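Subject: Structure handover

Hello,

Here is the structure we talked about. My notes on the contacts follow below it.

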Amino acid sequence: MIRFDYEEPRTLAEASAVLKAHAGRASVLAGGTDLLVEIKEHLRRVHCVVNIKRIPGLDAVTFDAATGLRFGALTTARRIELDADVARHHPGLRQATRELGSIQVRHRATVVGNVCRASPSADTLPPLIADGAVIEIGNGTSTREMLLEDFFTGPGKTALQPGELVLAIRLPPAPARTGRIYIKHGRRRAMELATVGVAVSITLDEARICTKARIALGAVAATPIRARDSEAALEGRVVDATIIAHAADLAMAASRPISNVRASAAYRREMVSVLTRRALEQALATIP
Amino acid sequence: MSFDVIGRSVKRNDVVEKITGSARYAGDVRLPGMLYARTLRSNMAHATIRSIDTSRALALPGVKAVLTHENVPRVLHYGSPHPRSASLAQDQYILDNKVRYWGECVAAVAAISEEIAEEALELIDVVYDPLPVMATIEAALAAGATPIHDVGPGGNLVAPPIKVRRGDIERGFAEADLVIEGEYEGGRPTPAYMEPNVCVCHWEHTGEHNSAASDRSGDKLTVHISTQTAFMVRGILAEVLGLPLNQVRVIVDHMGGGFGAKQDLFQSEFLCALLSRETRRPVMLEYTRKETFLGGRSRHPVKIWLKQGFKRDGTLTARQARVVFNSGAYGSHGPGVTAVGTTAMTSLYRCENIELEGMCVYTNAPIAGAFRGYGVVQTYYALDIQMDEAAEQLGIDPALLKRKNAVRAGDLAPSGHPLVGHGLEDCIDRGMQEVNWPKTRTHQRSSDGARRFGWGIGCEMHGSSAYPGIKEQGNAIVKLNEDGTAVLLTGTAGLGTGAHTALAQIVAEELGIPFERVSVMHGDTDTVPWDIGAFASHTTYMGGRAAQMAATEVKRQLLERAAEKLEVAAEELELRKGIISVRGTDIHLSVAEALGVARGQPAAHLVGSATYTPTKSYSFGAHFAEVAVDVETGHIEVLQVTPVHEVGRVIHPLAAAGQVEGGIQQGIGHTLSENYEIDPVTGKSLNAGFVDYKMPLSMDMPPIHTILLETAPDPGGPWGAKGIGEDPIIAIGPAIANAVHNAIGVRFRHYPITPEDVLNALRAQKTEVA
Ligand SMILES: Cc1cc2nc3c(=O)[nH]c(=O)nc-3n(C[C@H](O)[C@H](O)[C@H](O)COP(=O)(O)OP(=O)(O)OC[C@H]3O[C@@H](n4cnc5c(N)ncnc54)[C@H](O)[C@@H]3O)c2cc1C
């Protein structure tokens with residue numbers, strides 16, 4: 001029998017107090033689509049499950065042209081998938097949520113849960129990182145924030161300290177003339193874990209010179225990573241096929257995938273190149 | 001011939017139960033005081049058990065019994081309990097002091113909850129003495145390899161090799177203008193039925209002498225189980241546990257699929273029964289999804305060497321093949337699969353000079369068993385792909401080459417019978433028409449970015465019934481009630497295919513009453529007639545014919561009675577839509593009027609009983625598939641399939657088409673992504689679950705334009721009907737592989753064809769050209 005305590009705090013302070021009291025052996029429950037599977041499959045031992053769904057206000061989604069998009073910890077993947085502002089400004093993120101699990105799963109799963117699970121193959125992480133997401137963290141008394149790309153410390157590991165939980169994620173507004181794409185690579189159209197995920201956010205000026213490029217890769221390292229060399233190769237240049245191919249190869253060089261029953265490391269590396277190239281081409285095609 | 005009930009997609013007789021969730025499956029059974037059992041599985045692929053200590057598990061509060069090889073009867077038995085069949089191997093014990101594959105069951109616990117039973121498993125201490133692991137065919141056949149069993153012919157063979165010879169093979173090759181030779185390999189797909197294996201056993205001790213443990217005269221064992229073969233389960237439980245048949249009752253209500261695999265016993269049924277005997281309480285034993293992989297049954301992995309000779313005009317002159325099936329740790333259906341799969345190569349494409357050898361090998365791998373297509377999926381994959389290759393080399397269109405060599409009326413079928421009709425030619429012709437072949441193939445869509453397009457054709461035939469491996473028998477009883485309704489009693493299981501609906505249609509049609517007036521009673525070995533099980537595509541063919549014959553008998557009785565009432569000869573009567581009328585007059589009466597309670601007279605007791613002993617019929621199919629291959633990612637997508645199946649007579653069009661679509665979905669999976677992988681060194685299972693065992697899902701399915709033909713009815717089946725269950729999974733594989741060749745010029749001779757395989761082959765192709 002799997003025994004654990006179960007708490008339903010009504011405030012953030014209460015939640016943090018419970019988390020702190022169990023010193024790292026308590027788990028936040030949001031949608032539960034990761035947590036409950038891990039508990040049932042004996043992948044995680046928990047002393048206490050802390051359901052945060054009774055805390056008011058955590059599911060708010062706001063958009064402001066000046067400050068961008070902010071969504072709370074209880075915002076579901078389905079909510080993001082159907083949000084008009086997300087579709088307009090963060091099409092990569094929208095695509096990631098469209099392909100996460102199934103409709104049923106997306107109705108329960110939260111994007112913040114996807115982030116906090118910190119799986120290297122999690123779908124929303126590459127587009128969030130490419131779009132410059134900032135994560136807001138609270139411990140009941142104070143809050144801090146950091147760039148999402150710095151949040152991940154290893155497979156399943158994050159920068160969260162005992163007593164802390166994630167409150168929200170913020171995405172800065174997209175500059176004009178920005179193209180954004182997420183490509184998930186797998187065998188199936190739904191209910192699939194990414195063997196490789198590539199997100200691109202690229203901004204061009206009127207002369208089609210790249211002013212900013214962000215490329216984030218999933219499932220090819222212990223955490224999602226940015227392909228910084230590829231970004232540097234693109235920025236300040238008129239992007240043509242040669243540069244795209246070069247950037248794609250640099251992304252491949254940045255990846256450190258593993259071999260497992262899903263795919264070999266060599267295949268994953270090759271896909272990073274192919275998909276980075278495709279993502280760049282598709283993103284550029286959306287910029288008039 | 002005009003029909004009132006068959007040939008129509010009537011509303012399935014179980015549809016409301018299924019949709020409302022009231023349908024009862026074995027896993028829904030809850031009996032008072034029921035315990036829950038779990039099994040401990042080995043984490044070694046080959047070892048003897050030095051010691052097994054259950055004392056800590058027994059001490060856990062809530063644990064009621066623990067069984068190991070030390071306290072269960074040691075009876076050598078068949079893994080699949082068909083009566084005295086040559087198809088099966090007798091090599092299993094309920095529990096042995098040796099494990100032969102990773103995940104074999106070594107102990108079972110019954111406790112008051114599933115969680116406690118699970119916890120108790122961790123408290124069982126097993127010490128193994130490892131033996132060399134031979135997880136592959138090569139390792140098991142190597143000189144000096146450790147024998148996995150001490151039964152069987154030795155050399156790690158499950159059974160003596162099968163040899164088939166016809167004509168003169170040397171002369172055949174000497175006459176050939178073209179000889180093609182190739183090696184083919186098949187992976188390990190599993191049936192992945194929706195409902196995991198489950199049984200609930202209740203061993204009651206009601207006799208007077210139940211104090212004496214050895215006296216079982218008053219005992220009764222009731223088993224609720226998800227099985228395709230209720231009477232076989234009853235037979236082997238009775239045999240191994242030492243009970244007469246009338247003290248074992250097996251009940252199967254609804255089932256969530258089986259695909260052939262649920263003909264076997266899985267150790268757990270015996271253990272569940274024994275746990276119930278020991279605890280004197282009902283016990284439920286249900287597999288987790290993972291256990292359906294570990295302890296379930298897969299298709300036999302295979303290696304095939306095939307060589308054929310052709311005349312310049314495409315005539316086949318010789319066929320020689322060596323087929324080696326990997327049975328895994330136990331024989332199960334290995335001998336049957338080897339026989340059926342190997343002898344299937346005598347047919348499909350006619351050839352007079354044939355030499356075939358089929359072997360089945362024990363390895364320290366999961367058990368392969370019966371699975372939709374039964375060895376033929378493997379051998380026809382090789383045969384059909386090689387025909388495609390021959391067509392390419394001879395410069396003949398592949399569909400025309402296959403049509404030219406297609407077996408036809410009078411040719412000897414693998415069963416040794418002359419074939420009826422021209423089913424295969426009809427399927428090819430109709431499919432060519434439907435997809436506008438060969439134009440559609442020679443004028444491919446032009447490539448789009450990295451996508452290349454191609455069309456392929458695959459052909460198949462498959463027998464209904466397991467004859468001659470098993471001499472089968474279909475039984476049925478039809479009872480007519482005094483209000484004109486009827487009940488069919490059948491022993492055949494409803495796997496979820498809608499078979500009971502088809503049987504009820506047959507009874508209604510034959511009797512001449514509306515479909516809604518026929519109900520079906522099934523799945524209780526104490527009440528329904530003996531049945532061999534639902535497998536070998538024979539339920540509608542054989543069970544249907546038996547039902548039709550029983551209905552004929554009842555109808556005869558009914559018309560006799562009506563004739564008396566109407567004072568005419570029975571021959572003058574006809575019965576349709578529930579009305580008995582005197583031919584050529586407007587004199588009529590309803591069935592209820594003919595039967596009903598009359599003043600001072602009881603209702604009639606009309607019962608028809610029939611047995612049908614079939615030989616075999618063959619159904620045919622040709623699949624035309626279009627694929628797209630992404631040459632940068634290696635991803636193969638099936639874009640559309642036009643399957644044409646000749647089935648003699650369609651009883652329920654929607655259900656038949658459902659079989660076709662399901663077979664294609666499974667076949668696409670087997671060809672492109674499904675493979676239960678085993679570490680070749682340790683024998684450890686690598687993807688025992690749905691996260692990494694990749695079946696195509698509904699969103700991955702292409703459009704399927706199913707066409708059903710009735711051009712070669714079989715004299716044995718009801719109104720000519722033949723089987724459709726297994727056929728649809730066979731031709732889709734080669735159709736895809738041939739389409740991939742058409743798209744990118746790479747010839748794959750194995751499955752599954754993974755994206756990495758595609759990229760590697762394209763690289764090799766490039767170096768060859770350079
Ligand atoms: C059938 C199925 C299919 C799936 N398919 C996909 C897929 O295609 N792609 C994909 O990326 N994922 C997939 N997943 C995984 C999962 O659904 C996602 O990761 C989901 O976004 C997790 O969100 P959740 O709200 O359910 O998280 P939970 O399970 O509730 O939590 C996940 C983890 O995050 C922690 N956590 C949650 N919220 C907070 C918070 N506010 N502060 C601190 N910690 C927190 C929890 O303690 C836990 O460790 C699938 C899961 C299932 C069951």
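How many residue pairs are in polar contact across the interface of domain 2 of chain B and domain 3 of chain B? The rule finds nine, both residues at pLDDT 80 or more. A polar contact is a pair of N or O atoms within 3.5 Å; within protein, one must be able to donate a hydrogen and the other to accept it, and residues adjacent in sequence count only if both atoms are side-chain atoms.

Some ground rules. This is a predicted model: local features need pLDDT of at least 70, side-chain atom pairs count only at pLDDT 80 or more, and totals for chains, interfaces and linings use all residues. Residues are numbered from 1 along each chain as its sequence is written, chains are lettered from A and ligands numbered from 1 in the order in which they are written, and side-chain values use heavy atoms, with hydrogens and water left out.

**Inside chain B**

Chain B has domain 1 (15–19 + 473–612), domain 2 (31–131 + 194–257 + 261–294) and domain 3 (302–468 + 615–769). Such bounds come from an automatic or database domain assignment. The C-alpha centres of domains 2 and 3 of chain B are 37 Å apart. Their contact (heavy atoms within 4.5 Å) takes 21 residues from domain 2 and 26 from domain 3. Together these two domains of chain B bury about 1900 Å², with 60% of it on carbon and sulfur atoms. Buried area is the accessible area (1.4 Å probe) that two parts lose on being put together, summed over both. On the domain 2 side, Tyr101(B), Trp102(B) and Phe293(B) lose the most area to domain 3, together 33% of what that side buries. Salt bridges between domains 2 and 3 of chain B number zero. A salt bridge here is a side-chain nitrogen of Lys or Arg within 4 Å of a carboxyl oxygen of Asp or Glu.

**Inside chain A**

Chain A splits into domain 1 (5–51), domain 2 (61–171) and domain 3 (179–285). Domains 1 and 2 of chain A have C-alpha centres 19 Å apart. Twelve residues of domain 1 and 15 of domain 2 make the contact. About 1000 Å² is buried between domains 1 and 2 of chain A, 65% of it on carbon and sulfur atoms. One salt bridge is counted between them. Arg117(A) and Glu38(A) meet in a salt bridge at 3.1 Å, N to O. Five residue pairs are in polar contact across this interface of chain A, both at pLDDT 80 or more.

**The ligand**

The ligand is surrounded by 31 residues, counted when a heavy atom lies within 4 Å. The closest are Val28(A), Thr33(A), Asp34(A), Thr110(A) and Asp123(A). A polar backbone atom of Leu35(A) is 2.7 Å from a ligand oxygen. For Val166(A), a polar backbone atom is 3.0 Å from a ligand nitrogen. A backbone N or O atom of Glu192(A) lies 3.1 Å from a ligand oxygen.

**Between the chains**

Chain B gives 30 residues to the contact and chain A gives 20. The two chains bury about 2200 Å² between them, 48% of it on carbon and sulfur atoms. Glu632(B), Lys694(B) and Glu756(B) supply 25% of the area that chain B buries against chain A, more than any other three residues. Seven salt bridges cross the interface of chain B and chain A. Arg278(A) and Glu632(B) meet in a salt bridge at 2.8 Å, N to O. There are also 13 residue pairs in polar contact between the chains, both at pLDDT 80 or more.

Best wishes
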